[in-house]
Amino acid sequence: MSKQAPAGPARLILASGSPRRQELLASLGLTFEVIPSEVDEDVPAGLAPPAYVETLAARKARAVARRLAGTRPGEDVPAIVIGSDTTVVLDGAYLNKPADEAEAVLMLSRLQGRTHEVYTGLCVLEHPGGREEIHHSRTRVTMRALTPERIRRYVHTGEPMDKAGAYAIQGYGATLIEGIEGDYFTVVGLPVGLLAEVLERFGVRVF
């Protein structure tokens with residue numbers, strides 16, 4: 001984390017505790033702070049995948065922005081807040097973080113040998129003022145055919161336990177993937193190309 005454009009805000013804040021998102025944002029060379037949103041991630045039933053991830057990305061950014069508000073008028077801390085959320089979709093079902101190893105095995109057993117979709121929502125919010133942009137990105141991922149034994153070995157690495165779809169494309173999980181169609185960084189959890197375009201409209205330049 002080495003620089004921030006002079007035209008940028010006093011603070012750039014990532015509303016996520018995800019190490020993957022932090023690494024991706026750091027790769028853009030921007031100075032930023034991390035404030036995990038810690039929001040309720042329940043959403044209304046029946047939301048289509050784009051609305052699902054956009055709703056949660058916006059909820060995370062807005063929750064952190066509320067924490068920046070001062071106790072008196074004029075005390076608000078100026079900032080640009082970035083919220084993001086990722087889900088895996090197969091046959092219309094959302095595969096989020098597995099609750100335990102058994103669920104991770106079940107998810108991977110469903111995904112293996114098939115193509116699924118990964119959606120990542122993005123919200124960039126200016127505080128104070130409330131100006132925001134909300135977007136999403138979609139990538140199709142094809143997983144190799146896997147034996148039950150290989151799935152169990154992968155789950156035992158511990159890597160799947162905090163990942164949507166129970167795999168990490170940037171880790172051991174890369175060996176499970178046959179191909180992708182779309183943006184790799186959407187699968188990791190932060191579409192950096194889209195983010196850079198949006199940040200520029202908020203006065204924050206990557207280069």
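Buried here means under 20% relative accessible area, exposed means over 50%, and partly exposed is in between, with a 1.4 Å probe and protein chains only. By that cut-off Glu132, at 27% relative accessibility, counts as partly exposed.

Some housekeeping. This is a predicted model, in which local features need pLDDT of at least 70 and side-chain atom pairs count only at pLDDT 80 or more, while totals for chains, interfaces and linings use all residues. Residues are numbered from 1 along each chain as its sequence is written, and side-chain values use heavy atoms, with hydrogens and water left out.

I'll start with the salt bridges. A salt bridge is a side-chain nitrogen of Lys or Arg within 4 Å of a carboxyl oxygen of Asp or Glu. The structure holds 11 of them.

Glu132 pairs with Arg62, and the closest N and O atoms are 2.5 Å apart. Arg62 lies in helix H2 and Glu132 in strand S6 (residues 132-143), so this salt bridge ties together parts 70 residues apart in sequence. Helices (H or I, at least four residues) and strands (E, at least two) are DSSP runs, numbered from the N terminus. Arg62 is partly exposed, at 35% relative accessible area.

Next, Arg201 and Glu133 form a salt bridge at 2.8 Å, N to O. Arg201 is in helix H6 (residues 192-201) and Glu133 in strand S6, 68 residues apart. Glu133 is buried, at 16%, whereas Arg201 is partly exposed, at 41%.

The third pair is Glu41 and Lys60, with closest N and O atoms 3.9 Å apart. Glu41 sits in the loop between strand S2 (33-34) and H2, and Lys60 is in helix H2, 19 residues away along the chain. Lys60 counts as buried, at 7% relative accessibility, while Glu41 is partly exposed, at 41%.

Now the pocket. A pocket is an open set of points on a 1 Å grid over the protein atoms alone, where a 1.4 Å probe fits, with protein on both sides within 12 Å along at least five of seven lines; lining residues have an atom within 4 Å of a point. The largest pocket has a volume of about 550 Å³. Its lining has 31 residues, and Lys60 is among those nearest the centre, with Arg20, Arg21, Lys97 and Asp162. Helix H1 (19-27), helix H2 (49-67), strand S3 (79-90) and H5 each supply at least two lining residues.

H5 (residues 184-188) also contains Phe185. Phe185 is partly exposed, with a relative accessible area of 31%.

Technical notes:
Points joined across faces, edges and corners; volume = space filled by probe spheres on them.
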